[in-house]
Amino acid sequence: MNRSVFISWKHADNKRNQRFIKALALELVKCGFSVWWDRTALTNFGVVDEYSTRKKNEMLNRLLRQGISQSTAVLAFWTESYGTSSKPNGPNWTRKEWHVRHAVARIAMVPGEFARKRRMAEPDQVIRIPQNPDLEDAVRVARRFRQTYDLMKGGR
């Protein structure tokens with residue numbers, strides 16, 4: 001059974017949470033998942049930053065399509081501005097990731113209370129996480145994700 005998860009997160013909101021997300025990605029692998037996270041898919045972010053906006057957007061679109069097409073779940077870090085565009089008239093990466101066209105489990109990691117978002121599909125499940133998750137929280141969140149995923153997909 002393909003057990004793959006695409007981690008979706010709003011870069012502008014989560015610069016301080018990158019260490020947690022990296023630890024979570026590693027813990028998800030230990031739980032038997034293939035994990036797609038842009039920080040591991042893009043091996044050299046410094047080079048990407050030097051690209052023109054158009055070239056960067058084209059490359060990111062291609063990588064997102066590849067990552068999402070193989071995924072059976074989207075795990076979103078559901079912050080206040082998740083699902084909104086970072087720049088006026090700019091691409092809305094998180095909305096694209098969340099609204100993937102094939103059947104996936106949509107699971108939101110929520111620091112605090114869950115809030116519905118305009119123009120965003122409801123998550124299939126919500127996992128509560130601490131307001132400022134640390135590295136130790138990654139183990140608990142990965143286990144909770146695995147349990148939630150298994151219940152949704154019929155278990156292992």
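**Ser8 and the salt bridges**

Hi everyone, let's start with one residue: Ser8 touches Val74, Leu75, Ala76, Phe77, Tyr82, Thr94 and Glu97, leaving aside residues up to four places away in sequence. Before I go on, please keep in mind that this is a predicted model.

So where does Ser8 sit in the chain? You'll find Ser8 in strand β1, which covers residues 4-8. Is Ser8 buried or exposed? Its relative accessibility is 0%, and buried means under 20%, so Ser8 counts as buried. One of the contacts I listed deserves another look: the side chains of Ser8 and Glu97 are joined by a polar contact of 2.4 Å.

Now let's turn to charged side chains. In general, side chains of opposite charge can pair when their charged atoms come close. How many salt bridges does the structure hold? There are four, and I'll walk you through some of them.

Here is one to find on your screen: Arg3 forms a salt bridge with Asp150, and the closest N and O atoms are 2.6 Å apart. This pair links distant parts of the chain, with Arg3 in the segment before β1 and Asp150 in helix α6, residues 137-153. The two partners are 147 residues apart. What about their surroundings? Arg3 counts as buried because its relative accessibility is 4%. Asp150 has 17% relative accessibility, so Asp150 counts as buried too.

Next, please move to helix α1, which spans residues 18-30. Here Glu27 forms a salt bridge with Lys30, and their closest N and O atoms are 3.3 Å apart. Which separation along the helix do Glu27 and Lys30 have? They are three residues apart in helix α1, so about one helical turn lies between them. The accessibility values are worth a look here. Glu27 has a relative accessible area of 15%, so Glu27 is buried. Lys30, on the other hand, counts as exposed because its relative accessibility is 64%.

One more pair, and then I'm done. The side chains of Arg116 and Glu122 meet in a salt bridge, at 3.1 Å from N to O. Arg116 is exposed, with a relative accessible area of 65%. For Glu122 that value is 39%, and the cut-offs are under 20% for buried and over 50% for exposed, so Glu122 is partly exposed.

To recap, we met buried Ser8 with its polar contact to Glu97, then the salt bridge of Arg3 and Asp150, the one of Glu27 and Lys30, and the one of Arg116 and Glu122. Thanks for listening!

Terms used. Residues are numbered from 1 along each chain as its sequence is written. This is a predicted model: local features need pLDDT of at least 70, side-chain atom pairs count only at pLDDT 80 or more; totals for chains, interfaces and linings use all residues. Side-chain values use heavy atoms; hydrogens and water are left out. Helices (H or I, at least four residues) and strands (E, at least two) are DSSP runs, numbered from the N terminus. Buried means under 20% relative accessible area, exposed over 50%, partly exposed in between (1.4 Å probe, protein chains only). A polar contact is a pair of N or O atoms within 3.5 Å; within protein, one must be able to donate a hydrogen and the other to accept it, and residues adjacent in sequence count only if both atoms are side-chain atoms. Contact means heavy atoms within 4.5 Å.
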